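Welcome! Take a look at the model shown here, then work through the exercises below at your own pace.

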Amino acid sequence: MSDPHFAAFSFVDRITAFEPARRARAVFAVPAAIERFPACLVAEAVGQLAAWVAMEAIAFRGRPVAALANETRFHAAVSPGETLELAVEIEQCDDEAVAYAGTARVGGRLVIELVDCLGPMLPVADFDDPAALADRLALLRGAGAAPGRFGGVAPAQVEPITGEPGAAWLQVPASAPFFADHFPRRPVFPATLMLDALIGHALSIAAPGHVPASLTHVKVRSFTEPGARLRIEAVAAADDPTRIALTVRGAERTVATARLRTRLETAA
């Protein structure tokens, strides 16, 4: 991959419908050659489409960052080689924040829903070149980007902590192609990759055969830089083991919190 910008962590190929500041639809072809495309990256794709609508609405003065998501509902897994059909509805957007909801489908089948999401706006120029973003949106709304750009991401390194059930260390890579796309001017570990690691860790303490049903009360409180070492914790509720509280802590503060609900996987 010669240039990871708009490739290593970008999940919109072509915008098929666009109503400024209101709604949009798009597609993303998940490359068949990658090993996995986890549910959190499907949610990332929905969020990225919302970000394109939001940035265009305020003339690329700001860009939304992941912060609050009231509920993400997981309906089905997505496999490499499938094509996501993305849709977002913007509830409110200004220079301070964007509020939105969205869905992803495969072949018309609902695979994920995002409900009551809020992304605070930060200055675009701190993260990326505003002109490059405007040009990219024009491409996505026109002919579209060439599919197959995404080369996959390696699962995060998670090391259980001996003697502390439900606790583990999450090692953020010091370098990775996705940092050049998220973001070129300020590399940040994507919150969705953090949540993917959290969910994977939580499933290790869940009942056998359980899969994610929903993720609620997601709060990302701070950015995570390359090379960080994070402590992650998954604690099941005493009265209901399908409810698991998730926490991420850095050296000095809580980085993120969320609540996972699991369900027994059923045959398709």
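Keep in mind throughout that this is a predicted model.

**Exercise 1. Describe the second largest pocket: its volume, its lining, and the element that gives the most to that lining.**

Step 1. Start with the volume, which is about 580 Å³.

Step 2. Turn to the lining, made up of 25 residues. Nearest the centre of the pocket you will find A39, A76, A77, V211 and P212.

Step 3. Now look for elements that give two or more residues to this lining: they are α1 (39–57), α3 (191–203) and β10 (210–220). The largest share comes from α3, with 4 residues.

Step 4. Sort the lining by class: 16 residues are nonpolar, 4 are polar and 5 are charged.

**Exercise 2. Is α1 largely enclosed by the rest of the structure or open? Find its span as well.**

Step 1. Helix α1 has 19 residues, and the distance from its first C-alpha to its last is 28 Å. That is close to the 27 Å expected at 1.5 Å a residue.

Step 2. Next, check burial, where buried means under 20% relative accessible area. In α1, 16 of the 19 residues are buried, so the helix is largely enclosed by the rest of the structure.

Step 3. Finally, see what follows the helix: after α1 comes A59, with a positive phi near 55°.

**Exercise 3. Classify the ring pairs that F11 forms with F9 and with F37.**

Step 1. A pair of aromatic rings is described by the distance of the centres and the angle of the planes. Planes over 60 degrees apart count as edge-to-face.

Step 2. For F9 and F11, the centres are 5.0 Å apart and the planes meet at 65°, which makes the pair edge-to-face.

Step 3. For F11 and F37, the centres are 5.5 Å apart and the planes are at 85°, so this pair is edge-to-face too. F11 lies in the segment before β1 (14–19), while F37 is in the loop between β2 (23–29) and α1, so the pair ties together parts 26 residues apart in sequence.

Step 4. Check accessibility: F9 is buried at 2%, F11 is buried at 0%, and F37 is buried at 3%.

Step 5. Widen the view. The whole structure has 11 aromatic pairs, and ring pairs link F9, F11, F28, F37, F150, F178, F179 and F189 into a cluster.

**Exercise 4. Which parts of the chain are tied together by the salt bridges E89 to R23, R61 to D95 and R231 to E164?**

Step 1. A search of the whole structure finds 15 salt bridges, and we will follow these three.

Step 2. Between E89 and R23, the closest N and O atoms are 3.0 Å apart. E89 sits in strand β5 (residues 83–93) and R23 in strand β2, so parts 66 residues apart in sequence are tied together. E89 is partly exposed at 37%, and R23 is partly exposed at 28%. Both belong to a network of salt bridges that links E19, R22, R23 and E89.

Step 3. Between R61 and D95, the closest N and O atoms are 2.8 Å apart. R61 is in the loop between α1 and β3 (62–64), and D95 is in the loop between β5 and β6 (97–106), 34 residues apart.

Step 4. R231 and E164 meet at 2.4 Å, N to O. R231 lies in strand β11 (residues 229–237) and E164 in the loop between β8 (157–160) and β9 (167–171), so the bridge ties together parts 67 residues apart in sequence.

Conventions
Residues are numbered from 1 along each chain as its sequence is written. This is a predicted model: local features need pLDDT of at least 70, side-chain atom pairs count only at pLDDT 80 or more; totals for chains, interfaces and linings use all residues. Side-chain values use heavy atoms; hydrogens and water are left out. On a 1 Å grid over the protein atoms alone, a cavity is a set of points where a 1.4 Å probe fits but cannot get out, and a pocket is an open set with protein on both sides within 12 Å along at least five of seven lines; lining residues have an atom within 4 Å of a point. Grid points are joined across faces, edges and corners, and a volume is the space filled by probe spheres set on the points. Ala, Val, Leu, Ile, Met, Phe, Trp, Tyr, Cys and Pro count as nonpolar, Asp, Glu, Lys and Arg as charged, and the others, Gly among them, as polar. Rings of Phe, Tyr and Trp (its six-membered ring) pair if their centres lie within 6.5 Å; planes under 30 degrees apart count as stacked, over 60 as edge-to-face and the rest as tilted. Buried means under 20% relative accessible area, exposed over 50%, partly exposed in between (1.4 Å probe, protein chains only). The expected span of a helix is 1.5 Å times one less than its number of residues. A salt bridge is a side-chain nitrogen of Lys or Arg within 4 Å of a carboxyl oxygen of Asp or Glu.
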